[in-house]
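Trainee: I'd like to learn how to read charge pairs and helix packing from a set of coordinates. Could you walk me through an example?

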Amino acid sequence: MRLKEIREYRGLSQLKIADVLNIKQNTYSQYETEKRQIPIESLIKLSEFYNVSVDYLLGLTNIEDKYPID
């Protein structure tokens, strides 16, 4: 997953992203280190926050663009 990469690239702290997700910083840290699976709802929220596709966050594509909604 690209959670740490995109967060650091945007100059954000784990605490800021934890606040966005309404969770504790240590919980978010466990998402970044893959010690805990990130819930789908949180993944979607981060996708919207960063304006990238979920597939990009998961490392399934190198294309950041979100899919168009029909």
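Mentor: We'll go through salt bridges, then two helices and how they pack. Keep in mind that this is a predicted model.

Trainee: Let's start with the charges. How many salt bridges does a search of the whole structure find?

Mentor: The general idea is that side chains of opposite charge can pair when their charged atoms come close. Here the search of the whole structure turns up 3 salt bridges. One of them joins the side chains of Arg2 and Glu5, at 3.8 Å from N to O. Another pairs Arg7 with Glu8, with the closest N and O atoms 3.9 Å apart. There is also the bridge between Glu32 and Arg7, where the closest N and O atoms are 2.5 Å apart. That last pair links distant parts of the chain, since Glu32 sits in helix H3 (residues 25-32) and Arg7 in helix H1 (residues 3-9), 25 residues apart.

Trainee: Arg7 came up twice there. Which residues do the shared partners join into one network?

Mentor: Arg7, Glu8 and Glu32. When you look at a network like that, check the accessibility of each member. Arg7 has 7% relative accessibility and counts as buried, and Glu32, at 14%, is buried as well. Glu8 is partly exposed, at 47%.

Trainee: What else does Arg7 contact, leaving aside its neighbours within four places in sequence?

Mentor: Its contacts are Leu12, Ser13, Gln14, Ile17, Tyr28, Glu32 and Tyr50. The side chains of Arg7 and Glu32 also make a polar contact, at 2.5 Å. For a sense of scale, take Arg7 and Lys35: they are 28 residues apart in sequence, and their C-alpha atoms are 18 Å apart in space.

Trainee: Back to the Arg2 pair. Is Arg2 buried or exposed?

Mentor: Arg2 counts as buried, because its relative accessibility is 12% and the cut-off for buried is under 20%. Its partner Glu5 is partly exposed, with a relative accessible area of 49%.

Trainee: Where does Arg2 lie, and what does it touch?

Mentor: Arg2 is in the segment before H1. Not counting residues up to four places away in sequence, it touches Tyr56, Leu57, Gly59, Thr61 and Asn62. Look at Thr61 in particular: its backbone oxygen is 2.6 Å from a polar atom of the Arg2 side chain.

Trainee: Now the helices. Which residues of H3 are buried?

Mentor: In H3 the buried ones are Thr27, Tyr28, Tyr31 and Glu32. The trick is to look down the helix axis: these residues fall within an arc of 150°, so they line one face of H3. They pack against H1, helix H2 (14-21) and helix H4 (40-50). After the helix comes Glu34, with a positive phi near 60°.

Trainee: And which residues are buried in H2?

Mentor: Gln14, Ile17, Ala18, Val20 and Leu21. Down the axis of H2 they fall within an arc of 155°, so this helix too has its buried residues along one face. That set packs against H1, H3 and H4. H2 is followed by Asn22, which has a positive phi, near 60°.

Trainee: How do I describe the way H2 and H3 sit against each other?

Mentor: Two packed helices are described by the angle between their axes and the distance between the axes. For this pair, the axes come within 8 Å and cross at roughly 105°. H2 and H3 are therefore roughly perpendicular to each other. On the H2 side, the contact is made by Gln14, Leu15, Ile17, Ala18 and Leu21, and on the H3 side by Gln25, Tyr28, Ser29 and Glu32.

Trainee: Let me zoom in on Gln25. Which residues is it in contact with, beyond its neighbours within four places in sequence?

Mentor: Gln14, Leu15 and Ala18. Gln25 is in helix H3 and is partly exposed, with a relative accessible area of 33%. You can also pair Gln25 with Ser13: the two are 12 residues apart in sequence, and 9.3 Å apart from C-alpha to C-alpha.

Trainee: So to recap the charge part, Arg7 bridges to Glu8 and to Glu32.

Mentor: Right, and Glu32 also belongs to the buried set of H3 and to the contact between H2 and H3.

Methods
Residues numbered from 1 in each chain as written. Predicted model: local features only at pLDDT ≥ 70, side-chain atom pairs only at ≥ 80, totals over all residues. Heavy atoms only, no water. Salt bridge = Lys/Arg side-chain N within 4 Å of Asp/Glu carboxyl O. Buried < 20%, exposed > 50% of the residue type's maximum accessible area, 1.4 Å probe, protein only. Helix = DSSP H or I, 4+ residues; strand = E, 2+ residues; numbered from the N terminus. Polar contact = N/O pair within 3.5 Å; in protein donor to acceptor, adjacent residues only side chain to side chain. Contact = heavy atoms within 4.5 Å. Arc of directions from axis to C-beta. Axes fitted to C-alpha atoms, helices over the stretch in contact; angles between N-to-C directions. Parallel < 35°, antiparallel > 145°, perpendicular 65-115°, else oblique.
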